[in-house]
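This report describes a protein fold, beginning with its sheet and ending with some details of the backbone. Please keep the sequence and the structure in view while reading.

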Amino acid sequence: MLDGRIYNFSAGPSILPEEVLLKAQKELLNCGDSGMSVLEMSHRSKVFDDIINGAVANVKEVMNVPDNYTVLFLHGGASGFFAALPMNLGTKTGKADYIVSGNFSNLAAKEAEKYLKEVHIAASSEADNYNHIPRQDELDLSPDADYVHVCWNNTIFGTTYHYIPETGNVPLVADMSSSIMSEPVDVSKFGIIYAGVQKNIAPAGLCLAIIRNDLIAEPMRICPKIWDFKKEAAKNSMLNTPACAQIYFVKLVTDYLKEQGGLEAMKKKNVEKAAILYDYLDSQDFFINTVNKEDRSMMNVTFRTASPELDKEFVAGQAERGFSNLKGHRLVGGMRASIYNAMPKEGVEALVQYMKDFAASHS
Ligand SMILES: *Cc1c(COP(=O)(O)O)cnc(C)c1O
């Protein structure tokens, strides 16, 4: 890490690659020879056009997006998108299946209830405090649903899908906010992949959506124009003023990912980083990870000690070690280390060292 920086384990907004921050700093006074920063320029300018088109092209390249998909940048983050989704896709039978595996999938289902005739919970792990991902054979899917919604990586609980649900002809829609671009995914298996960008690719406030073209159709009449997929697609995500700075960061981060060797290389690093933490967790019994082993997230690792007091003490000691944001979400307590793409391996190793030292002095 550069001087003055710390290992930031925040779940979001979260750590960005230093190379990207330095590039943004360098271009802050003069971006693309325009004599101004991206914060100041018209979204109708040639320089910004190159930025947004470059960002779209990079997303397609990095994620290996098939030609029959459109990349959109929409307002309102992931929550904006999961409100827009039922208004855009719920127009045939007005029924959708939601697989509830954590807080955000629950919120998405609640939001959809406002707009759909029927929100069917196809499976839920709520009764087990979301410690696992529902299995294919637990899914009660409706053949006439307009879509099936899943949350791919459960940021708060620290679980993730390690299989792609089979949904027949019903399009699968996945909220990948906290795992987007952490490893390759077969986009062709999904109707829509969307992500609030603040976990792995940019500052907060923007949603990246990758939508199969046949799902871009006339939405419900009540759908706000800025969340109308068809209108936004026709205007290259610039129906109104887009989140220019966020889109610029998507461009820089995807440039960086390409330089780093793409998502295969990211996966290799992320697997290695997560293993450092999980191997340690499995080797001892001072810290506990309560999620189902097969469903462990590579991005958000949750753990706790035997007592809330010790958890508190552990979190209180983080600053001295040069860490921040290790406190778990209020819904689960304990600790959470978010180890997104930009978190170096050294940060994870330093965290494990702190855990070892803490355990030794408190056992
Ligand atoms: C953070 C997060 C959200 C919410 O994102 P906003 O951009 O704040 O709406 C939704 N889903 C998942 C999986 C998240 O991690």
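What follows treats the sheet, the helices that pack on it, a pair of helices, and a few backbone features of this predicted model.

**The sheet**

Seven strands form an open sheet of mixed pairing, in the order β2-β10-β9-β8-β5-β3-β4. Its edges are β2 (69–75) and β4, each of which pairs on one side only, and neighbouring strands are turned against each other by 20° on average, direction ignored. Strand β10 (residues 206–212) runs antiparallel to β2 and is joined to it by 7 bridges; within β10, leucine 208 is the residue that stands opposite phenylalanine 73.

**Helices on the sheet**

Helix α2 (residues 46–62) lies across β2 and β10, and runs at about 125° to β2. Helix α4 also packs on the sheet, where it touches β3, β4, β5 and β8 (172–175), and its direction makes about 160° with that of β3. Within α4 (residues 103–113), the buried residues are Asn103, Ser105, Asn106, Ala108, Ala109, Glu111 and Ala112. The elements that cover them include helix α3 (77–89) as well as the strands β3 (95–100), β4 (118–124), β5 (147–151) and β6 (153–154).

**The pair α1 and α6**

The axes of helix α1 (residues 18–26) and helix α6 (residues 244–259) come within 9 Å and cross at roughly 130°, an angle that makes α1 oblique to α6. The crossing of α1 past α6 is right-handed. On the side of α1, the contact is made by Glu19, Val20, Leu21, Lys23 and Ala24, and on the side of α6 by Tyr248, Phe249, Leu252, Val253 and Tyr256. Sorted by class, this contact of α1 with α6 has 8 nonpolar and 2 charged residues, with no polar residue.

**Backbone details in the loops**

Proline 13 lies in the loop between β1 (7–8) and α1, and the peptide bond leading to proline 13 from glycine 12 is cis, with omega near -10°. In the loop between α5 (229–234) and α6 lies asparagine 236, and serine 237 has its place in the loop between α5 and α6 as well. Neither asparagine 236 nor serine 237 is a glycine, yet each has a positive phi, as the table sets out.

| Residue | Phi | Relative accessibility | Class |
|---|---|---|---|
| Asparagine 236 | about 50° | 26% | partly exposed |
| Serine 237 | near 65° | 3% | buried |

Serine 237 counts as buried because its relative accessibility of 3% is under the 20% limit.

Technical notes. Residues numbered from 1 in each chain as written. Predicted model: local features only at pLDDT ≥ 70, side-chain atom pairs only at ≥ 80, totals over all residues. Heavy atoms only, no water. Buried < 20%, exposed > 50% of the residue type's maximum accessible area, 1.4 Å probe, protein only. Helix = DSSP H or I, 4+ residues; strand = E, 2+ residues; numbered from the N terminus. Contact = heavy atoms within 4.5 Å. Pairing = 2+ DSSP bridges. Axes fitted to C-alpha atoms, helices over the stretch in contact; angles between N-to-C directions. Parallel < 35°, antiparallel > 145°, perpendicular 65-115°, else oblique. Left-handed = near helix turned anticlockwise from the far one by under 90°. Nonpolar A, V, L, I, M, F, W, Y, C, P; charged D, E, K, R; others polar.
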